[in-house]
Every structure is written in structure tokens, then in C-alpha cells.
Amino acid sequence: MSLLSIASGASVWRGYEYFTEKKVRSLTKKSDAQFAAFVKGTGSAPYSVLIDVEHPRKSVCSCPHASGRRIICKHMVATYFTAFPEEAKRFYDEAVAYEEEEERRQEEREDKLIAYIGKCKKQELQQMLLQLLFDGPEWQYERFLEEHWIE
């Protein structure tokens, strides 16, 4: 179990942004597993953060989101990435690769859909369109009527 694996996706992304914006101040290595820092947040005073990479649930932050709770906040993630910048690079590279793969998959699906529709007969297409309009959300039906001036 790592600090990043128990943080929410939103906390990891916001923590990465805080890392790139250099909001982590005065990082101090307390031990091989513990790092303390002050992290600039939205308030005027920085938040006090202590992360424990061996026991992530023991990490603490003075921000309202994490104070008194056993969760990993964006300030802890930013501190982690500052202490381990190679992990920040790995996280970013993996995220970019995932997004590129998702985009490729989506393009592949679109190509298959276009090919399928190209093979359909007019009557089949009309039936599919009616089914989508009648079975789909109300806004879709209304928008179709408006865009095609059907009263």
C-alpha cells in the first residue's frame, strides 16, 4: 500500500499540480520514511504536513480536508512528489500514456461505428434513429425536434 494508491484520483492530480507549482516549502527529511513540509494552500497560512511513506495512514496534514482524518490529501501528495520527484515523473508519464491509449481506443470505436453505419440500409438507419429518439433522454428528443424545425 503506497501513499498514492490510497489517495483519491482528485487528490493525486491536485497534489501533482501543487508539486509543479512549487507550493511545497521547507521540505525536511525526518527519517528514511518520514518527511515534513509546509505547503501553501488556498488560505494565507501554509499547511503543516508530515508524510510517512512506510505507513501512509499515519501521514497528517493541518488542512480542513485531512485534519483529524486518516485520508491522503493533495498537500500530502505534493509533499510526496517533492520528496520523490522521480515518482512525480512516473505518475505523469503513466497518466499521459493512459490518456493516449484511451484516445486511440475511442478513435478505433468511432471508425468501427462509421463502418457499421455505412453498411446499414436506409430503413435500418431510420428504425435505429427512431429507437434512439424514443428510448433516449427527453432532452435528446426535444433537441432533435428543435434542430430540425419539427413542430
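Colleague: Which residues does E87 touch, not counting residues up to four places away in sequence?
Modeller: E87 touches Y80 and F81 in this predicted model. The place of E87 itself is in helix α4.

Colleague: Why is E87 called buried?
Modeller: The relative accessible area of E87 is 18%. Buried means under 20%, so E87, at 18%, counts as buried.

Colleague: What makes V39 buried?
Modeller: V39 has a relative accessible area of 0%. The cut-off is under 20%, so V39 is buried. This residue is found in strand β2, which covers residues 34-39.

Colleague: Which residues does V39 touch, leaving out those up to four places away in sequence?
Modeller: V39 touches Y18, K23, V24, P46, Y47, V49, H75 and T79. Each of these counts as a contact because heavy atoms lie within 4.5 Å.

Colleague: How far is V39 from G15 in space?
Modeller: The C-alpha atoms of V39 and G15 are 10 Å apart, while 24 residues separate the two in sequence.

Colleague: Why is S2 called partly exposed?
Modeller: S2 has a relative accessible area of 34%. Buried ends under 20% and exposed starts over 50%; 34% falls in between, so S2 is partly exposed. In the chain, S2 sits in the segment before α1, a helix of residues 3-6. From the C-alpha atom of S2 to that of E54 is 7.7 Å, although S2 and E54 are 52 residues apart along the chain.

Colleague: What makes the pair E94 and R90 a salt bridge?
Modeller: The distance from N to O between their side chains is 2.9 Å. A salt bridge needs a side-chain nitrogen of Lys or Arg within 4 Å of a carboxyl oxygen of Asp or Glu, so this pair qualifies. Side chains of opposite charge can pair when their charged atoms come close.

Colleague: Why are E94 and R90 separated by about one helical turn?
Modeller: They are 4 residues apart in helix α4, which runs over residues 85-119.

Colleague: What exposure class do E94 and R90 fall in, buried, partly exposed or exposed?
Modeller: E94 has 47% relative accessible area, and R90 has 39%. Partly exposed lies between the 20% and 50% limits, so E94 is partly exposed and R90 is partly exposed too.

Colleague: Why does the pair E108 and K112 count as a salt bridge?
Modeller: Their N to O distance is 4.0 Å. The rule says within 4 Å, so the pair is counted. E108 and K112 are 4 residues apart in helix α4, about one helical turn.

Colleague: What are the exposure classes of E108 and K112?
Modeller: E108 is at 38%, in between the two limits, so E108 counts as partly exposed. K112 is at 56%, over 50%, so K112 is exposed.

Colleague: Which residues are linked with E108 and K112 in a network of salt bridges?
Modeller: The network links E101, E102, R104 and R105 with E108 and K112.

Colleague: How do you know that R143 forms a salt bridge with E147?
Modeller: The closest N and O atoms of R143 and E147 are 2.7 Å apart. That is within 4 Å, so the definition is met. Both residues lie in helix α6, residues 138-147, and are 4 residues apart, about one turn of the helix. R143 is partly exposed at 46%, and E147 is partly exposed at 46%.

Colleague: How many salt bridges does the structure hold?
Modeller: There are 12.

Colleague: What are the numbers of positive and negative side chains in the protein?
Modeller: The protein has 22 positive and 25 negative side chains. The centres of the two sets lie 9 Å apart.

Colleague: How many helices and strands are there, and what pattern do they follow?
Modeller: The protein has 6 helices and 4 strands. Along the sequence the pattern is α-α-β-β-β-β-α-α-α-α.

Colleague: How does the radius of gyration of the protein stand against that of a compact globule?
Modeller: The protein has 24 Å, whereas a compact globule of 151 residues would have a radius of gyration near 15 Å. The C-alpha trace spans about 70 × 30 × 25 Å along its principal axes.

Colleague: What share of the residues is buried?
Modeller: Buried residues make up 26% of the 151 residues. The protein exposes about 10800 Å², and carbon and sulfur atoms supply 54% of that area.

Key. Residues numbered from 1 in each chain as written. Predicted model: local features only at pLDDT ≥ 70, side-chain atom pairs only at ≥ 80, totals over all residues. Heavy atoms only, no water. Helix = DSSP H or I, 4+ residues; strand = E, 2+ residues; numbered from the N terminus. Rg over C-alpha atoms; globule rule 2.2 N^0.38 Å. Buried < 20%, exposed > 50% of the residue type's maximum accessible area, 1.4 Å probe, protein only. Areas by Shrake-Rupley, 256 points an atom, 1.4 Å probe, with all protein chains shown as cover. Lys, Arg positive; Asp, Glu negative; His and termini not counted. Charge placed at Lys NZ, Arg CZ, Asp CG, Glu CD.
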